[in-house]
Amino acid sequence: MSDANKSIHEFDFKLICEYFSNLERQGPGSPEATLKALSFIDNLANDSKIADLGCGTGGQTMVLARHAPGHITGIDLFADFIDIFNANSCKWNLQDRVSGIVGSMDNLPFQREELDLIWSEGAIYNIGFERGLKQWHGFLKRGGFIAVSEASWFTRERPAEIDAFWKDAYPEIDVISRKVEQMEKAGYIPVATFVLPENCWLANFYTPQISAQKKFLKKHAGNTAAEELVKNQRHEAHLYDKYKDFYGYVFYVGKKI
């Protein structure tokens, strides 16, 4: 595997955390996409319990909290992300309803059937789409919702370069119909699926990285790992620009049966 094709997980956690801490979003998305997914969810009240798994610094969580009732717990492995998350919660005066804790999405601190909504934007791949849907199912109340965004193929055939890149980075990537089938098998009614538009990748994720990369490289001048991390992200952005007709993020919204 060339350096340009390294998986993000092969880099030092501290470097990854520092790099993505400088971005408002740690993955593709937008407030509009968050709100569109939220529009399909109709079970929330002031006493509802919501979990945002793999929340990062909480860009999407704060949007969710400003437009939905209930108490939200954000969970992420990175303590630095959670520090920023909780600072953002205070900035928006949401600290009474929104709190972030350090934790793992495969060891959740909730009771069985405690949650009304599980949210996860661009993060379920860390545990695997199918495994995550099955494992998180038990934490949702009957009639509760799950809303996740996931890298998916738009076509059954695609160029070898992008096929190889994604199969190496995330072997579980699949076509939308297969993901919907997995959601059904995990015990959910598929309520909605929609493709995130290009601006979720370009304007909201890759473009903000350009200035962040310059600062990051200046700070870590001569650090080979830092240079490789930036090279990796630039390569990923290049591939998206070249092959965006074949893949992207898709929001999947399901209701527990």
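Which helix and strands do the buried residues of H7 pack against? The legends below refer to a predicted model.

**View 1. Packing of helix H7 (residues 176–185).** Lys179, Val180, Gln182 and Met183 are the buried positions shown in H7. They lie on the same side of the helix, because the arc they cover around the axis is only 155°. The buried residues of H7 pack against helix H5 (129–137) and against three strands: E5 (140–153), E6 (188–195) and E7 (247–256). Glycine 187, just after H7, has a positive phi of about 105°.

**View 2. The open sheet of seven strands.** The strand order is E3-E2-E1-E4-E5-E7-E6, and the pairing is mixed. Strand E3 (98–102) and E6 form the edges, each pairing on one side only. On average, neighbouring strands of this sheet are turned by 20° against each other, direction ignored. Helix H4 (residues 79–91) packs on the sheet, where it touches E3 and strand E2 (71–76). The direction of H4 makes about 170° with that of E3.

**View 3. Pairing of E5 with E7.** The two strands run antiparallel and are joined by nine bridges. Isoleucine 146 has glycine 254 in E7 as its bridge partner.

**View 4. Surroundings of threonine 57.** Threonine 57 is located in the loop that links strand E1 (49–53) to helix H3 (59–67). With a relative accessible area of 3%, threonine 57 counts as buried because this value is under 20%. Leaving aside residues up to four places away in sequence, threonine 57 touches Leu23, Glu24, Gln26, Phe81, Ile84, Phe85 and Asn88.

How values were computed: Residues are numbered from 1 along each chain as its sequence is written. This is a predicted model: local features need pLDDT of at least 70, side-chain atom pairs count only at pLDDT 80 or more; totals for chains, interfaces and linings use all residues. Side-chain values use heavy atoms; hydrogens and water are left out. Helices (H or I, at least four residues) and strands (E, at least two) are DSSP runs, numbered from the N terminus. Buried means under 20% relative accessible area, exposed over 50%, partly exposed in between (1.4 Å probe, protein chains only). Contact means heavy atoms within 4.5 Å. The arc is that of the directions from the helix axis to the C-beta atoms. Two strands pair if DSSP finds at least two bridges between them. Axes are lines fitted to C-alpha atoms, for helices over the stretch in contact, and angles run from 0 to 180 degrees between N-to-C directions.
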